[in-house]
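Student: I would like to study one part of this protein closely rather than survey the whole. Could you choose a single element and follow its connections outward?

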Amino acid sequence: MTRGQKPVAMIGEAKKFAEQMGYRWQENTQADLGYDLFIFKPETACIVRVRQTRYRIDPENCYEDLLHDDLRVMRGLPFPHWFPKEIWIRTQHERNWRRLRVYKEIVSEIEWWQPDGYTNPYARQAPYTKRGE
């Protein structure tokens, strides 16, 4: 995932996405720091790395395998461990972003976050079952 040039067009689209959720942004100008945007609003702030993949993301996909290098970079950033870090990922054919929260040991896909008005249309949902089945 980290091969090639910086995804400049994707970063531009991520800026618009951040603005839709009420964030202001600042682009990273330090080449040695592996993040793309610092987003903030009065209630919160977050470090964001933007990525695009050519391939469809399988619902049962393990993000630790798909984004191994990106996760290593995000976890190695010189910010306090408690400071929120996210990877925003999209495939070439999807128009919606997936927001992944990066923690020290795990990565978690955000399904819904009310303060940002964010809903992930790709989030895994438990199948509906009738009572007694």
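**One strand and its surroundings**

Tutor: Let us begin with a single side chain: lysine 41 lies over the face of tyrosine 23, at 4.5 Å from the ring centre. Please keep in mind that the model is predicted. Lysine 41 belongs to strand S2, which spans residues 37–41, and this strand is the part we shall examine.

Consider its two faces. Leu37, Ile39 and Lys41 make up the covered face of S2, while Phe38 and Phe40 make up the uncovered one.

The strand has partners. On one hand, S2 runs antiparallel to strand S1 (residues 24–27), to which four bridges join it. Within this pairing, phenylalanine 38 of S2 is the bridge partner of glutamine 26. On the other hand, five bridges join S2 to S3, and these two strands are antiparallel as well. Here lysine 41 has threonine 44 in S3 as its bridge partner. S2 and S3 form a hairpin, with two residues between them.

Now follow the covered face inward. Ile39 is a member of the largest nonpolar core, which has 16 residues; Ile39, Val48, Val50, Trp88 and Trp97 touch the most other members. S2 is one of the elements that supply at least two residues of this core, as do helix H1 (8–20) and strand S3 (44–53). H1 gives the largest share, five residues. In general, nonpolar side chains tend to be buried together in soluble globular proteins.

Valine 48 shows how S2 is linked to this core. Leaving aside residues up to four places away in sequence, valine 48 touches Leu37 and Ile39, and also Tyr35, Asp36, Glu86 and Trp88. A second core, of 15 residues, lies apart from this one; Ala45, Leu67, Val102 and Val107 are among its members.

Let us return to the uncovered face. Phe38 and Phe40 form one aromatic cluster with Tyr35, Phe79, Trp82 and Phe83. The structure holds nine aromatic pairs. In one of them, the ring centres of tryptophan 82 and phenylalanine 83 are 6.0 Å apart and the planes meet at 55°, so the pair is tilted; an angle over 60 degrees would have counted as edge-to-face. The two residues differ in exposure: tryptophan 82 is exposed, at 60% relative accessible area, whereas phenylalanine 83, at 16%, counts as buried, because the limit for buried is under 20%.

Finally, S3, the hairpin partner of S2, leads on to a helix. S3 is one of the elements that cover the buried residues of H3; helix H2 (63–66), strand S4 (85–91), strand S5 (98–102) and strand S6 (107–109) are also included. In H3, residues 68–75, the buried residues include Asp70, Leu71 and Met74. Viewed down the helix axis, the buried residues of H3 fall within an arc of 100°, so they line one face. His68 and Arg72 are exposed residues on the face turned away from that buried side.

Beyond S3, in the loop between S3 and H2, is arginine 54, which counts as exposed at 60% relative accessibility. Arginine 54 and threonine 91 are 37 residues apart in sequence, yet their C-alpha atoms are 5.5 Å apart in space.

Notes. Residues are numbered from 1 along each chain as its sequence is written. This is a predicted model: local features need pLDDT of at least 70, side-chain atom pairs count only at pLDDT 80 or more; totals for chains, interfaces and linings use all residues. Side-chain values use heavy atoms; hydrogens and water are left out. A nonpolar core is a set of buried Ala, Val, Leu, Ile, Met, Phe, Trp, Tyr and Cys residues joined through side-chain atoms within 4.5 Å. Buried means under 20% relative accessible area, exposed over 50%, partly exposed in between (1.4 Å probe, protein chains only). Contact means heavy atoms within 4.5 Å. Rings of Phe, Tyr and Trp (its six-membered ring) pair if their centres lie within 6.5 Å; planes under 30 degrees apart count as stacked, over 60 as edge-to-face and the rest as tilted. A charge sits over a ring if NZ of Lys or CZ of Arg is within 6 Å of the ring centre and within 35 degrees of the ring normal. Two strands pair if DSSP finds at least two bridges between them. The arc is that of the directions from the helix axis to the C-beta atoms.
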